[in-house]
Amino acid sequence: MIETERLLLRPHVASDFGAFKAMSQDPDVMRYIGREPSSDDESWLRFLAHFGRWELLGYGLLAVIEKGTDRYIGDAGFGDFRRGLGPDFDPFHEAAWIFSAAGQGKGYAFEAMTAAHSWLHKTFNPGKTVCIISPENIPSIRLAAKLGYQETGLSRYKDSDVLMFERINP
């Protein structure tokens, strides 16, 4: 578990699924993820993938819990998503974040990802991390820049344009 001033980042638990599913089915949340809102079974499979990444890789996305309300508000962390984007991207820890409408616009993503980067650096000490973002997702592009990511180019992933970013770790 990682604790910040306002958040707890912890492994997912079964009782997170209802809020995770609601987030996955919110068209406003999903519009930049490159997919339509998830069906119930797609939400379940995506939820189960969180457990598998931790079991197989020793890292993954964490549930982000708002301390003041004890409410699940999103996911933040790193994954190996096997995107097939090439040798400058695929071998590296990929940063990822997604927040429910209730978790947006409060600085939670920066707070959570700053803590997640610190944990990853202490645990794995990677030379760099990467991420992809829809060119239309201006808030996430700004967040990536604030976290120290630099744009490395444009690519295609699942029939959508994505900007590729990298962060060289100190």
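**View 1. Contacts across the chain of this predicted model.** Residues 24 or more positions apart account for 59% of the chain's contacts, counting those with a separation of 6 or more. Burial can be followed here too: of the 170 residues in the chain, 46% are buried.

**View 2. The helices and strands, followed from the N terminus.** Welcome to the fold! The chain has 5 helices and 8 strands. Start at the N terminus and you meet two strands, then three helices, then three strands. After these come a helix, a strand, another helix and, to finish, two strands; written out, the order is β-β-α-α-α-β-β-β-α-β-α-β-β.

**View 3. The overall dimensions of the chain.** Along the principal axes, the C-alpha atoms fill a box of roughly 40 × 35 × 30 Å. The radius of gyration is 15 Å, which agrees with the value near 15 Å for a compact globule because that is what 170 residues would give.

**View 4. The surface of the chain.** About 8900 Å² of the chain is exposed, and 53% of this area is supplied by carbon and sulfur atoms.

**View 5. A look inside, at the cavity.** Rolling a probe the size of a water molecule over the atoms reveals where empty space is left. The structure holds 1 cavity of 30 Å³ or more. The largest cavity has a volume of about 50 Å³.

**View 6. The residues that line the largest cavity.** To find the lining, look for Gly79, Asp80, Phe81, Arg82 and Arg83, along with Phe89, Asp90, Phe92 and Glu94. Sorted by class, this lining has 5 charged, 3 nonpolar and 1 polar residues.

Key:
Residues are numbered from 1 along each chain as its sequence is written. This is a predicted model: local features need pLDDT of at least 70, side-chain atom pairs count only at pLDDT 80 or more; totals for chains, interfaces and linings use all residues. Side-chain values use heavy atoms; hydrogens and water are left out. On a 1 Å grid over the protein atoms alone, a cavity is a set of points where a 1.4 Å probe fits but cannot get out, and a pocket is an open set with protein on both sides within 12 Å along at least five of seven lines; lining residues have an atom within 4 Å of a point. Grid points are joined across faces, edges and corners, and a volume is the space filled by probe spheres set on the points. Ala, Val, Leu, Ile, Met, Phe, Trp, Tyr, Cys and Pro count as nonpolar, Asp, Glu, Lys and Arg as charged, and the others, Gly among them, as polar. Helices (H or I, at least four residues) and strands (E, at least two) are DSSP runs, numbered from the N terminus. The radius of gyration is taken over C-alpha atoms; the globule rule is 2.2 Å times the number of residues to the power 0.38. Buried means under 20% relative accessible area, exposed over 50%, partly exposed in between (1.4 Å probe, protein chains only). Contact means heavy atoms within 4.5 Å. Accessible areas come from the Shrake-Rupley method with a 1.4 Å probe; for residues, only the protein chains shown count as cover.
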